[in-house]
Amino acid sequence: MKKKLFIFAIGGTGERVLRSLTMLFAAGVESLSNYDVYPIIIDYDLKNADKQRTVELLRNYKKIHNAAFMAHGELGLQDRQFFAADLRGVDDMEDYVFPFKPAQDNIKFRDYIGYGKFAGDTLLTEDLLQSLYDDSQRPDTELNLDMTVGFKGNPNIGSVVFNSIASTNEFRNFLNHFQPEQEDKVVIIGSLFGGTGAAGIPEITKAINAKKEAADIATVLVLPYFSPMEQKDGAVRADRFNSKTKAALSYYKNSGILNQINRVYYIGDPHRTIIRYSEGGDTQKNNANVVELIAAMMIEHFAAGRGDATQKEYKFSIDASITEDNAQQSAQRLFTYDFDPISINNILLPLIRLAIALKFFHESIWEKKTSGQDFHKYLKLNNAVQVNEASGDKSRLTVLCSTLEKFYKQYQKWLKELDFEGNGTTLPGNSHRFALTDMKKPYADLILRPAATDKEAQEPDFWKRISKLIGNSNNKTILTDDNLMSWMNGEFKDNGNGNGHYDTTRNAIREGHEPEYVFADILYKASDKGLRKLTSSNN
């Protein structure tokens, strides 16, 4: 039985970190594939677009996993694979979403706590609330906050609402699944500068520890890393983010919450990315940010058991400065080899391996350029790709192909958002852009690298040094479609060695080797060879 990893993704930041974490699951990061994963999304904002996008990604991931590995689940996956981690839902949670929501539309905080309805001896309670909250009629005051779209950066409101979460049936169902004695782990993700995350993290931590004293809990505490554009009379104020973060950290320390947590990870960016203003709902849909990817990498760090067992707190920072040019902030572009070797080998290169696979699938298999290849003919891929949905073909291979094509688009969009350079004067780029890979480029150029400066390019031995460092990127034959096709065939056919999926002596696929699993397996192994070819050219 696999160990279980429960991921509480709280609020918009938690949902965006979960989006990046799902890409690590898809890449088959080994330490994460060793778990059955239970994503649990908690957001009071029902229409949050960040949540909807993450839910759609999780749905698609689950379809791919089920299509490729459902029949092989009982056997266990001996080899590394893409989409290997099984995403599971806690009972009564649809699409991994905890049903934590307002009791009615347009409910204000004053209505939730019954403000204005006190009488007799309870009038003293109203006096206390008046001392705590601004009761003026302005729409941006706490008592008049419309909670339909969350808590808008007010953890003092969110904590009141979160206090009831432990008494829900869904939370009790989670506790029934969570078995610390079986080495199950819990990760709680949220921002400290908002309302939902800052309020939810301590309440969920306390609720778990009240029932499971031996709980192995890690928190990923996200410090300010973006600032919304200013909005007159807006309820979300970026100039308050630092004070809110300090208040949250002070509370976590003084309340003893940190004593109930095994690992605490901190991540932020002092050079904040400017985003469009939104108070939630269907307008809250932020670009992916390298801070969210690093936060996902922290979860891998915890799940893999990395680090010193005696060290409780970890602070991750982006080791790259931002320069000021004519009072305008210039973005810093990060690349794969700016990270530490452990992160490169265990996370970033697997993400590039996934890019190789999805690129080859989209450009060659989905477009039927491989139709003459043995693996394509014997797996009957022509019947599985680009099938009209009206045909009603629901075979697992067909589902696998259609969902892989959808994931290709989701992955490419995520990559482009990480490296967002801005949209003219409409929206600035990410303060720290991350150029991981671009599936539109030739295979030889998939590992993106910094361009040479004019000064470097003028040095006599520059091109000799850079060629040794990164390989000759002008040599497009480093890795080609033909290489990948050949490797796919080689992994597919037995050729007398007894390890392939297709028995050449019988001219048939081996018994128990379902086409969808075979396809997923050979795609991974061919892409792995492609990655090794790309990285070996660096030496």
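Five bridges tie strand E1 (residues 3–10) to strand E4 (residues 185–191), and the two run parallel. That pairing sits inside an open sheet of 7 strands, ordered E3-E2-E1-E4-E5-E7-E9, with parallel pairing. Keep in mind that this is a predicted model. The protein has 539 residues, 55% of them buried, and it counts 17 helices and 17 strands.

**The sheet**

- At the edges of the sheet you'll find E3 and strand E9 (313–316), each of which pairs on one side only.
- Within the E1–E4 pairing, isoleucine 7 stands opposite valine 187 of E4.
- Further along, E5 and E7 run parallel and are joined by 5 bridges.
- Threonine 219 has valine 264, in E7, as its bridge partner.
- E7 also runs parallel to E9, this time with 4 bridges.
- Here isoleucine 267 has phenylalanine 316, in E9, as its bridge partner.

**Strand E7, a closer look**

- Strand E7 covers residues 263–267, and 5 of its 5 residues are buried, so the rest of the structure largely encloses it.
- Both of its faces are covered: Arg263, Tyr265 and Ile267 are buried on one side, and Val264 and Tyr266 are buried on the other.

**Helix H1**

- H1 lies across E1, E2, E3, E4 and strand E5 (217–222), and it runs at about 140° to E1.
- With 16 of its 16 residues buried, H1 is largely enclosed by the rest of the structure.
- Its length checks out too: at 1.5 Å a residue, the 16 residues of H1 should span 22 Å, and the end C-alpha atoms are 23 Å apart, which agrees.
- Just after H1 comes glycine 28, which takes a positive phi of about 75°.
- Threonine 13 is a residue of H1, and its relative accessibility of 5% makes it count as buried.
- Leaving aside residues up to four places away in sequence, threonine 13 touches Ser191, Phe193, Val222, Tyr225 and Phe226.

**Salt bridges**

- The structure holds 27 salt bridges.
- One of them pairs glutamate 292 with arginine 16, with the closest N and O atoms 3.2 Å apart.
- Glutamate 292 is in helix H10 (residues 290–303) and arginine 16 is in helix H1 (residues 11–26), so this pair ties together parts that are 276 residues apart in sequence.
- Both glutamate 292 and arginine 16 are buried.
- Arginine 88 and aspartate 36 also meet through their side chains in a salt bridge, at 3.7 Å from N to O.
- Arginine 88 lies in the loop between strand E3 (86–87) and helix H4 (109–112), while aspartate 36 lies in strand E2 (residues 35–42), so the pair ties together parts that are 52 residues apart in sequence.
- The burial of these two partners goes like this: arginine 88 is partly exposed, with a relative accessible area of 35%, whereas aspartate 36 counts as buried at 11% relative accessibility.
- Another salt bridge joins the side chains of arginine 353 and aspartate 528, at 3.0 Å from N to O.
- Arginine 353 belongs to helix H11 (residues 341–365) and aspartate 528 to helix H17 (residues 515–536), so the pair ties together parts that are 175 residues apart in sequence.
- Arginine 353 is buried, with a relative accessible area of 8%, and aspartate 528 counts as buried at 17% relative accessibility.
- Shared partners link some salt bridges into one network that joins Arg16, Arg19, Asp50, Arg53, Glu292, Lys413 and Glu417.

**Contacts and confidence**

- Take the contacts between residues at least 6 apart in sequence: 76% of them join residues at least 24 apart.
- The protein averages a pLDDT of 82, and 75% of the residues score at least 70.
- Over residues 324–328 the pLDDT is below 50, and that stretch has 3 contacts in the model beyond near neighbours in sequence.
- Residues 462–473 also stay under 50 in pLDDT, and the model gives them 20 contacts beyond four places in sequence.

Definitions and conventions
Residues are numbered from 1 along each chain as its sequence is written. This is a predicted model: local features need pLDDT of at least 70, side-chain atom pairs count only at pLDDT 80 or more; totals for chains, interfaces and linings use all residues. Side-chain values use heavy atoms; hydrogens and water are left out. A salt bridge is a side-chain nitrogen of Lys or Arg within 4 Å of a carboxyl oxygen of Asp or Glu. Buried means under 20% relative accessible area, exposed over 50%, partly exposed in between (1.4 Å probe, protein chains only). The expected span of a helix is 1.5 Å times one less than its number of residues. Contact means heavy atoms within 4.5 Å. pLDDT is the predictor's confidence in each residue, from 0 to 100. Two strands pair if DSSP finds at least two bridges between them. Axes are lines fitted to C-alpha atoms, for helices over the stretch in contact, and angles run from 0 to 180 degrees between N-to-C directions.
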